[in-house]
Amino acid sequence: MPTKPFEDLQVATHFDCYPAAVKKRMLALREPAYLTSQTRSGSTLRLDWKPKHPQQLAMYFNCQTTLVATFRSLFPNDFQYEGNRALLLNLSGPLPKKELSICITATLTYHLKKKR
């Protein structure tokens, strides 16, 4: 039996519920949720896919933060957005890795800028 690309069986089980194309794209982004629980330096970042929008993944952010507003101002044409809570990624085509890296870093260090 092949090994799962995850140490956490709960994450692997969650990924197994997605269609193959969704799972492939999610694997490129790695995991469904991130939280800096030990350092508390960042805000929660969650990835998900919904059957209602089968050609998109959503990267969800805490809607009480200014993260999505910041991303809209930095990257007005690189992503589609869902209110103040998510940026949307197409399942096909290249991932905007540089822009995503900036968004992910900003999320996982969100509380650090508030402490300065």
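At what angle do α3 and α4 pack, and how far apart are their axes? In this predicted model, the two helices pack at about 155°, and their axes lie 11 Å apart. An angle over 145 degrees counts as roughly antiparallel, so α3 and α4 are roughly antiparallel to each other. Their crossing is right-handed. If you would like to see the side chains involved, look at L67, F71 and L74 in α3, which meet I102, C103, A106 and T107 in α4.

**The chain as a whole**

Let's step back to the full fold. The protein chain holds five helices and five strands, and their order along the sequence is α-α-β-β-β-α-β-β-α-α. The chain has 116 residues, of which 36% count as buried. About 7700 Å² is exposed, with carbon and sulfur atoms supplying 55% of that area. Turning to contacts between residues at least 6 apart in sequence, 50% of them join residues at least 24 apart.

**The nonpolar core**

In soluble globular proteins, nonpolar side chains tend to be buried together. Here the largest nonpolar core has 25 residues. Those with the most contacts inside this core are L57, M59, F61, F79, L87, L89 and L100. Several elements give two or more residues to the core: the helices α1 (9–16), α2 (20–29), α3 (67–74) and α4 (97–108), together with the strands β2 (45–49), β3 (56–61) and β5 (86–90).

L87 is a good residue to click on. Leaving out residues up to four places away in sequence, L87 touches L57, A58, M59, F61, F71, F79, Q80, Y81, L100 and C103. Among these partners, F71 and C103 also take part in the meeting of α3 and α4.

**Two buried residues**

What is the relative accessibility of L95, a residue in the loop between β5 and α4? The value is 15%, and L95 therefore counts as buried, the cut-off being under 20%. Beyond its neighbours within four places in sequence, L95 is in contact with R25, A28, L29, L89 and L100. Of these, L89 and L100 are also listed among the core residues with the most contacts.

A12, for its part, sits in helix α1. At 1% relative accessibility, A12 counts as buried too.

Each of these residues can be paired with a partner from elsewhere in the sequence, as the table shows.

| Pair | Separation in sequence | C-alpha to C-alpha distance |
|---|---|---|
| L95 and R25 | 70 residues | 8.9 Å |
| A12 and E31 | 19 residues | 9.1 Å |

R25 thus appears twice in the picture of L95: as a contact partner, and as a residue 70 places away in sequence with its C-alpha 8.9 Å from that of L95.

Technical notes: Residues numbered from 1 in each chain as written. Predicted model: local features only at pLDDT ≥ 70, side-chain atom pairs only at ≥ 80, totals over all residues. Heavy atoms only, no water. Helix = DSSP H or I, 4+ residues; strand = E, 2+ residues; numbered from the N terminus. Buried < 20%, exposed > 50% of the residue type's maximum accessible area, 1.4 Å probe, protein only. Contact = heavy atoms within 4.5 Å. Areas by Shrake-Rupley, 256 points an atom, 1.4 Å probe, with all protein chains shown as cover. Core = buried A, V, L, I, M, F, W, Y, C linked by side-chain atoms within 4.5 Å. Axes fitted to C-alpha atoms, helices over the stretch in contact; angles between N-to-C directions. Parallel < 35°, antiparallel > 145°, perpendicular 65-115°, else oblique. Left-handed = near helix turned anticlockwise from the far one by under 90°.
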